[in-house]
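Here's a quick walk through a structure, going from the overall build of one chain to a few spots worth a closer look. Have the viewer ready.

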Amino acid sequence: MKIKISEKKDKLWLFTWIGGILLIWIWDMVFLNNPALRQIEEGFINTFIISFMVIIFSLFFAWMIIIIDTTVNNIRFKGIKLLLTFILNLLRSVPQIIGILAGYILLTYFITGNVINNHLLIILFIALIISLFVFQEIVDLMRERIDYFKKSDFFNAMSVCGISEFRIINYDILWKNSRIHLLNKLISIFGIAVFLQCSVDFIISVGLSTEISRVNLPVTLGGLLAKIDSKQDILAIGQIFGNPLYIINIFVEHLQGITIAFLIVFTLLSSYKISNGYSERYRL
Amino acid sequence: MNTNNYSIHIRKEKRSLVRIDSFRFFSGEITFLFGESGIGKSLISRALYGLLDPQELTISINDTPFKQYLQNEKTKHIRKNSFFVFQEPSSHLNPLETLSTQLNEGDLSETGGEDELLSRLWDGADQLKIKDLLSIYPKPHRPSGGEKQRILLTMAFKKINLIQKKSTGYSDTFFVFDEPTGSLDNHYRNIFLDILFEKFEHNPFSALIITHDYSIISEIYKRHNNLLSQIRFNELSRNGDRVVQNDFSPDKYLNWLKNAPKLTPPDQNKVTPDNPVLVLKSGLQVFGYKLTFLDKNQNQTDIKIYPGEMVYLKAPSGTGKTTIAKIIMGLIPANNLNMEISGYKINEKTSTHFYKRKIWGKASGLVFQHADEALNRKSTVMETFKGLPLKRKDRISNLKNQFNHLFIKESQDKSFLKKQTTFLSGGQKQRLNILRTVILNTKLLILDEPLNGLDFESIKVVLQMFMERQQAGTGILLISHNEEIFGKIVPEDKIYYLQSEIL
């Protein structure tokens, strides 16, 4: 039994993550005031949807780049390949946080100009921005897998049978032989998306009053963490050093900040553990 | 003579890898064990020798757990008084010690005869050259596969010397040679057999020799027939989920070889013999070597293959036969390349795009040497044929016919088509590898070691398929170390010899 659990650490951590979230939700339903609970629920759901959409967009962009790569390799005009490499390297050279902040500026411009005014569209736009700065991790993995198989007899043996390079790369290498590797990368992309989103939302929300702001961005965990109430709740942890019994109050009176911090940290930790466990299970 | 009978079951998690109810080897005799690759020959012998990892596999021998089998006094005696020559010599040798040190490790230091053995296995090569070789630490590329194999054989023979010196009874010995001649050409293979039988004649021991090389039978009948009463030929085959061990009648092979099918001229209605499907000029240069082709009179010549011809390219291991196949298919660049495939002129400047458009799967096809590496292991049998340029309906019905022909037993089982290739036996993989290319019906077909890993029945079926293609007008270039079989089938004037010289 011991061996079986250690072999499936990823599943164990997935259930731990879901269980932890459910447990804190039930706890909050009992002890947290209703408006704060609704905000946390909305923040968590928005954060989750954005991160999930980052996975979808990133995978889509990466696969498109690989398709373009394959097509460009088969045509004689090498200028397109150079242009593609230049654009990707340019994007890669921008620090992720800076790039995403710039994207938020563009988003604000669109919202104030009434180009984007739908809540769902705003969420998708944020996911799109984040994925633009993380999708190259998937491109790198896909290229690594393709290069690995191109060196083996498998690629050449299929090629000389007249099977198209497009099919070998997309179906035989990426789909048949790299799904597990890609899924593992997508789990870590989820963690990266949560981290980047919370960081940028925290940065732009500090000192920003949603009541007087001209732009209402969706509530996310990062934005909620920047609220004065949350910060006070977190700082209240320091009271425990002087008065250990104060710990009870932390879990009853300072729930908003503690819950948000827990959700962020626990999600990051869980995605890291799930990804590691998955790698171990499939010996990646 | 005692018969040692074992029931063996080896599993990995829930999957059964090998299950045999009665595996026999005979004390004081030499048993040659044939059978297609992947059927479990190596696994069974490793289990009996106690070389498998009980943490990774669940093994029972005679219904006894493996750990208990390892503690058995007889097992301990066998391991002490025997030697196991691994199929892949690199996995046997320690990269952190010189070959010389390894030749004298453990109780191997208690016996001599090393110089004589080395000299014989290197066919009287200069002693200084051998000494130089012994001073090196084994690396993947040096010594060569053949040299590593001969070092292991030297160790095994030293161990035989030792037990003969100690007069250990043969019932406590179990020498296993797993594909001992896989990297040796026929000349060195025969030297190995000479030494083995000499030692056996001097004082018998028990040995199991796992091999795919059926031509060993001819050599034994020609030169060691005085020992036939102490030699057995067995074959492993599959029966449902079990593996069974049967006697292999040498006459079956020898008679077949005697009456081996000869190539007949192709159907004149289908073939226009004026235009060669391949012209490859001598003198191409690759990896710092110049490669030339010689005819039966050892005169330099060019390779020319006309429709309906089968041409056999011979050379010792490591000369560059596979490299030639890959150069023809545009997978390895070569200098001074002057070639013509189905009328398309090709030189070193010809681009990969040209091969994609005109050659690959259209004018020419190549069956790769190692089926295990050439197939997508994650694909099912059915998926192996997807993506091939087989649009016409007649080609697809041809695929079904050829499949049923090559996979007679398997085609009865509908689930076989959905089986992942990784779970196929080596022989099944090789047949699938061959079929994938043959079905393309290209004008030129290059076969690189097409009999690798096949059992005797499969060899016959596969050869018949090649001859049908040749009859239908396909030009075939054969590359194989199996000189006995192809030497019989291919006419002498269609045999070329490959020679390489350092530039």
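What follows covers chain A as a whole, then its cysteines, the nonpolar cores and a glutamate in a loop.

Keep in mind that this is a predicted model.

**Chain A at a glance**

Chain A is a helices-and-loops affair: there are 14 helices and 0 strands. Read from the N terminus, the element string is just α repeated, start to finish. Put a box around the C-alpha atoms along the principal axes and you get roughly 75 × 60 × 30 Å.

Of the 284 residues in chain A, 45% count as buried. As for contacts, take the ones between residues at least 6 apart in sequence: 76% of these join residues at least 24 apart. The accessible surface of the chain comes to about 15200 Å², and carbon and sulfur atoms account for 70% of that. On the charge side, chain A carries 24 positive and 19 negative charges, and the mean positions of the two sets sit 9 Å apart.

**Cysteines and burial**

How many disulfides turn up in a search of the whole structure? The count over all chains is 0. For reference, a disulfide is a covalent bond between the sulfur atoms of two cysteines.

Two cysteines of chain A and the loop glutamate of chain B can be set side by side for burial:

| Residue | Relative accessibility | Class |
|---|---|---|
| A:Cys161 | 0% | buried |
| A:Cys198 | 7% | buried |
| B:Glu383 | 16% | buried |

**The nonpolar cores**

Over to chain B. The largest nonpolar core has 161 residues, and the members touching the most others are B:Phe32, B:Phe177 and B:Tyr253. Leaving aside residues up to four places away in sequence, the contacts of B:Phe177 include B:Val85, B:Leu153, B:Ile160, B:Phe192, B:Leu196 and B:Ile210. There is also a second, separate core of 39 residues, with B:Phe293, B:Ala325, B:Leu337 and B:Ile479 among its members.

**A glutamate in a loop**

Where does B:Glu383 sit? Look in the loop of chain B between helix H14 (371-374) and helix H15 (393-406). Is this residue buried or exposed? B:Glu383 counts as buried, because its relative accessibility is 16% and the cut-off is under 20%.

Which residues does B:Glu383 touch, not counting those up to four places away in sequence? Its partners are A:Tyr171 and A:Lys176 from chain A, plus B:Lys378 from chain B.

Conventions. Residues numbered from 1 in each chain as written. Chains lettered and ligands numbered in written order. Predicted model: local features only at pLDDT ≥ 70, side-chain atom pairs only at ≥ 80, totals over all residues. Heavy atoms only, no water. Helix = DSSP H or I, 4+ residues; strand = E, 2+ residues; numbered from the N terminus. Buried < 20%, exposed > 50% of the residue type's maximum accessible area, 1.4 Å probe, protein only. Contact = heavy atoms within 4.5 Å. Areas by Shrake-Rupley, 256 points an atom, 1.4 Å probe, with all protein chains shown as cover. Lys, Arg positive; Asp, Glu negative; His and termini not counted. Charge placed at Lys NZ, Arg CZ, Asp CG, Glu CD. Disulfide = S-S within 2.5 Å. Core = buried A, V, L, I, M, F, W, Y, C linked by side-chain atoms within 4.5 Å.
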